[in-house]
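Please review the following complex, with attention to its protein interface and its DNA contacts.

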Number of protein chains: 2
Amino acid sequence: MMTANRPYKLVLDRLNGVGLRPTRQRLGLARLLFEGCDRHVTAEQLHGEALSADLRVSLATVYNTLNQFTEAGLLREVVVEAGKSYFDTNTSEHHHFFLENTGRLEDIPGDHLVVQSLPKAPVGTRIARVDVIVRLVEDASPATAPFCD
Amino acid sequence: MMTANRPYKLVLDRLNGVGLRPTRQRLGLARLLFEGCDRHVTAEQLHGEALSADLRVSLATVYNTLNQFTEAGLLREVVVEAGKSYFDTNTSEHHHFFLENTGRLEDIPGDHLVVQSLPKAPVGTRIARVDVIVRLVEDASPATAPFCD
DNA sequence: CGCAGTCTTTAGAGTTCTTCCAGATTGTTG
DNA sequence: CAACAATCTGGAAGAACTCTAAAGACTGCG
């Protein structure tokens, strides 16, 4: 009853949890990012959404916030195209489909993909992360619209 | 005996093979790229090398050439960092180590890495390529210098 | 060989994405 | 609520890349 009336509560806790001051801008952006299903956004996209949602925020702040959230482990950066960064709200270990035609990025569901027999890291280094991008191109038939992005 | 005295012959054939006019610039860049072992370079890097090698060529031409070689299948583009493109002279199917500290990109040798149980592509699409990046960070001990890049 | 005619190259301007800056604003703490 | 620090902002700056229009270099044909 109470929580239902306080939509900010969840994201607020999230910001406090990582020691980021809960400003109007950060709260608003966090709601856009974390309320609803997993998302993959660029800074420009998120900025556009923020303006549409009547959240006055500058592009510089969107960049700052995305980077801070990423450092704090709330987001994960995914690089698939030169000169563009995507931010993924799903920080668990998983991989991606990238639709080259449209620039859409999607999680590969479940554990449908396994990397077998990882090579050992060269001397003096250790593996920090393994990224797999499955690049897709549009086929003859039109794709169905997905729920999330 | 003869071929040993004509170092340009191999790259010349290569350019002719893909229908690119063998200009001084393209020949020079092709030699830097394809004579010697497999390489991973950025446009700026290659431009620097060209100048050091007394090959007068503009940065715009380096970009043009790298893109043309890629379209022709002589190179493969690899994206690992936001806002930077690497070009790989090894066009066969393989994956990469990326050393986050230094920005070095290296091939993962042999078939030491296998992607198991690829998910099926979403309706209306088909898989064009699968990229695997194993991201490394430097450990305590210093890494040994590699032969190629 | 020589000269169209076409393809390439080039310097510099332009684009896009992102970060930096310095001053104004906001959140927090006592 | 004052004071201090953290944050936000628009605009300038930067990095990587592409575009443009004019000059230069190959190639094929005569």
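The report below treats a sheet of chain B, the interface between the chains, and the surroundings of each DNA strand.

This is a predicted model, in which local features need pLDDT of at least 70, side-chain atom pairs count only at pLDDT 80 or more, and totals for chains, interfaces and linings use all residues. Residues are numbered from 1 along each chain as its sequence is written, chains are lettered from A and ligands numbered from 1 in the order in which they are written, and side-chain values use heavy atoms, with hydrogens and water left out.

**Sheet of chain B**

Chain B contains an open sheet of 3 strands in the order β1-β3-β2, with antiparallel pairing. Its edge strands, each pairing on one side only, are β1 (40-41) and β2 (76-81) of chain B. Strands here are DSSP runs of E of at least two residues, helices are runs of H or I of at least four residues, and both are numbered from the N terminus; two strands pair if DSSP finds at least two bridges between them. Between β2(B) and β3(B) (residues 84-88) there are 4 bridges in the antiparallel sense. In this pairing, B:E77 is opposite B:F87 of β3(B).

**Interface of chains A and B**

Contact (heavy atoms within 4.5 Å) links 41 residues of chain B with 43 residues of chain A. The two chains bury about 3300 Å² between them, 61% of it on carbon and sulfur atoms; buried area is the accessible area (1.4 Å probe) that two parts lose on being put together, summed over both. The rule for a salt bridge, a side-chain nitrogen of Lys or Arg within 4 Å of a carboxyl oxygen of Asp or Glu, finds 4 across this interface. B:D139 forms a salt bridge with A:R126, with the closest N and O atoms 3.8 Å apart. On the side of chain B that touches chain A, β7(B) supplies the largest share, 14 residues. β7 (residues 125-138) of chain A is also joined to β7(B) by 13 bridges, and the two strands run antiparallel. There, A:E138 stands opposite B:T125.

**Surroundings of the DNA strands**

A residue is near a strand if one of its heavy atoms lies within 4 Å of it. DNA strand D is surrounded by 19 residues, the closest being A:T23, A:Q25, A:R26, A:T61 and B:Y63. Sugar and phosphate make up 84% of the atoms of DNA strand D that come within 4 Å of the protein. Around DNA strand C there are 20 residues, of which A:Y63, B:T23, B:Q25, B:R26 and B:T61 come nearest. For DNA strand C, sugar and phosphate likewise account for 84% of the atoms within 4 Å of the protein. The surface near DNA strand C receives the most from α4(A), with 4 residues.

The table lists polar contacts with the DNA, a polar contact being a pair of N or O atoms within 3.5 Å; within protein, one must be able to donate a hydrogen and the other to accept it, and residues adjacent in sequence count only if both atoms are side-chain atoms.

| Residue and its atom | DNA atom | Distance |
|---|---|---|
| A:Q25, side-chain N or O | strand D, sugar or linking oxygen | 2.6 Å |
| A:R26, polar side-chain atom | strand D, phosphate oxygen | 2.3 Å |
| B:N67, side-chain N or O | strand D, phosphate oxygen | 3.3 Å |
| A:S85, polar backbone atom | strand C, phosphate oxygen | 2.9 Å |
| B:Q25, side-chain N or O | strand C, sugar or linking oxygen | 2.7 Å |
| B:R56, polar backbone atom | strand C, phosphate oxygen | 3.4 Å |
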